[in-house]
Amino acid sequence: MVRIRDLALSHRLFASTYRWRVIREVPAARLRRPLASCRVALVSSAGLVAPGDEPFDEGVRGGDFSYRLIGSDVDVQTLTEHHRSDAFDHSGIDRDRNLGLPLERLCELERAGHIGSVAPRHVSLMGSITAPGRLVRHTLPRIADDLIADDVDVALMVPV
Amino acid sequence: MPEITRRIRPPRALAVPYPLGFPLGRPGDPDGQLAVLRAALALLERMDVPVLEEIAEP
């Protein structure tokens with residue numbers, strides 16, 4: 001389990017001094033049907049992009065707050081990573097994209113009957129967004145609308 | 001990282017015993033990755049939010 005003390009000095013200083021957004025009134029959505037009947041979508045901040053889609057822009061001040069929708073039929077190993085952070089080892093995701101977007105695993109859970117279905121589209125964000133205001137105001141409502149349009153019951157975040 | 005997660009207070013979070021960049025565990029280890037996903041999805045039953053559970057390495 002990674003602790004702040006395990007990070008390189010520059011990242012340790014950042015993590016210790018950054019003004020993290022705090023969720024004051026924590027929402028608790030209740031499952032409306034058994035998990036085995038639920039449609040599940042992934043929301044990943046690994047910066048993964050499908051072939052032909054526009055890469056995330058590492059040069060956006062405060063972090064690129066755009067998002068991509070990745071179809072459930074994509075070959076995950078064809079996704080390219082555009083995460084700008086040097087705070088973590090990228091080699092795991094490079095070898096196995098399921099570490100950033102576990103789409104193959106989700107399909108296996110569907111076949112096993114553990115979840116009802118895999119959503120047709122999954123959300124990809126670039127992590128390391130140090131100025132999240134625009135993400136919260138502009139991007140998240142659009143993501144929510146897309147997930148609602150796809151009848152998603154559960155959004156599973158994969159933070160990278 | 002648990003210290004940061006406790007500050008932010010997401011409703012349901014799973015702390016994993018892997019380095020940064022390896023949120024689902026080892027590359028090429030479907031069983032290990034599935035165990036992480038099952039543990040995360042199991043948190044949906046918890047209504048005593050915010051919840052931060054830790055799982056051990058299988």
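Start in the middle of this predicted model. Its largest nonpolar core holds 35 residues, and A41(A), L42(A) and L101(A) touch the most other members. Several elements feed this core. From chain A, β1 (39–44), β3 (67–71), α3, β6 (121–125) and β7 each supply at least two residues. From chain B, β1 and α2 do so too. The core therefore draws on both chains. The top contributor is α2(B), which gives five residues.

Take a closer look at L42(A). Which residues does L42(A) touch, leaving out those up to four places away in sequence? The list includes L101(A), P102(A), L103(A) and L106(A). It also includes H122(A), V123(A), L156(A) and V158(A).

Now move to Y67(A). This residue is found in strand β3 of chain A. Is Y67(A) buried or exposed? Y67(A) counts as buried because 20 other C-beta atoms lie within 10 Å, and 20 or more is the cut-off. Sequence distance and spatial distance part ways here. Y67(A) and L125(A) are 58 residues apart in sequence, yet their C-alpha atoms are 4.9 Å apart in space. L125(A) is also one of the residues that Y67(A) touches, beyond those up to four places away in sequence. The others are V123(A), S124(A), T139(A) and I143(A).

Next comes helix α3(A). Its buried residues are L103(A), R105(A), L106(A) and L109(A). Seen down the helix axis, these residues fall within an arc of 160°, so they line one face of α3(A). What do they pack against? Within chain A, the partners are β1, β5 (117–118) and β6. Across in chain B, the partner is α2. Just after α3(A), G113(A) takes a positive phi of about 80°.

That brings us to chain B. Chain B has two helices and two strands. Along the sequence they follow the pattern α-β-α-β. The C-alpha atoms fill a box of roughly 35 × 25 × 15 Å, taken along the principal axes. Of the 58 residues in chain B, 26% count as buried. Look also at the contacts in chain B with a separation of 6 or more. Residues 24 or more positions apart account for 60% of them.

Helix α2(B) deserves its own stop. It covers residues 30–42, which makes 13 residues. From first C-alpha to last, α2(B) reaches 18 Å, close to the 18 Å expected at 1.5 Å a residue. Its buried residues are Q33(B), L34(B), V36(B), L37(B), A40(B) and L41(B). They cover an arc of only 160° around the axis, which puts them on the same side of α2(B). These buried residues pack against α3 (103–111) and β7 (154–158) of chain A. They also pack against β1 (12–15) of chain B.

Finally, step back to see how the two chains meet. In this model, 31 residues of chain B are in contact with 35 residues of chain A. On the chain B side, the elements giving two or more residues are α1 (2–8) and α2. Which element gives the most to that side? Again it is α2(B), with seven residues. The residues on this side of chain B divide into 23 nonpolar, three polar and five charged.

Put the pieces together. Helix α2(B) gives the most to the largest nonpolar core. Helix α2(B) also gives the most to the side of chain B that touches chain A.

Note on methods: Residues are numbered from 1 along each chain as its sequence is written. Chains are lettered from A and ligands numbered from 1 in the order in which they are written. This is a predicted model: local features need pLDDT of at least 70, side-chain atom pairs count only at pLDDT 80 or more; totals for chains, interfaces and linings use all residues. Helices (H or I, at least four residues) and strands (E, at least two) are DSSP runs, numbered from the N terminus. The expected span of a helix is 1.5 Å times one less than its number of residues. A residue is buried if 20 or more other C-beta atoms lie within 10 Å of its own, exposed if 12 or fewer, and partly exposed in between; C-beta atoms are placed from the backbone. The arc is that of the directions from the helix axis to the C-beta atoms. Two residues are in contact if their C-beta atoms, placed from the backbone, lie within 7 Å. Ala, Val, Leu, Ile, Met, Phe, Trp, Tyr, Cys and Pro count as nonpolar, Asp, Glu, Lys and Arg as charged, and the others, Gly among them, as polar. A nonpolar core is a set of buried Ala, Val, Leu, Ile, Met, Phe, Trp, Tyr and Cys residues joined through C-beta atoms within 7 Å.
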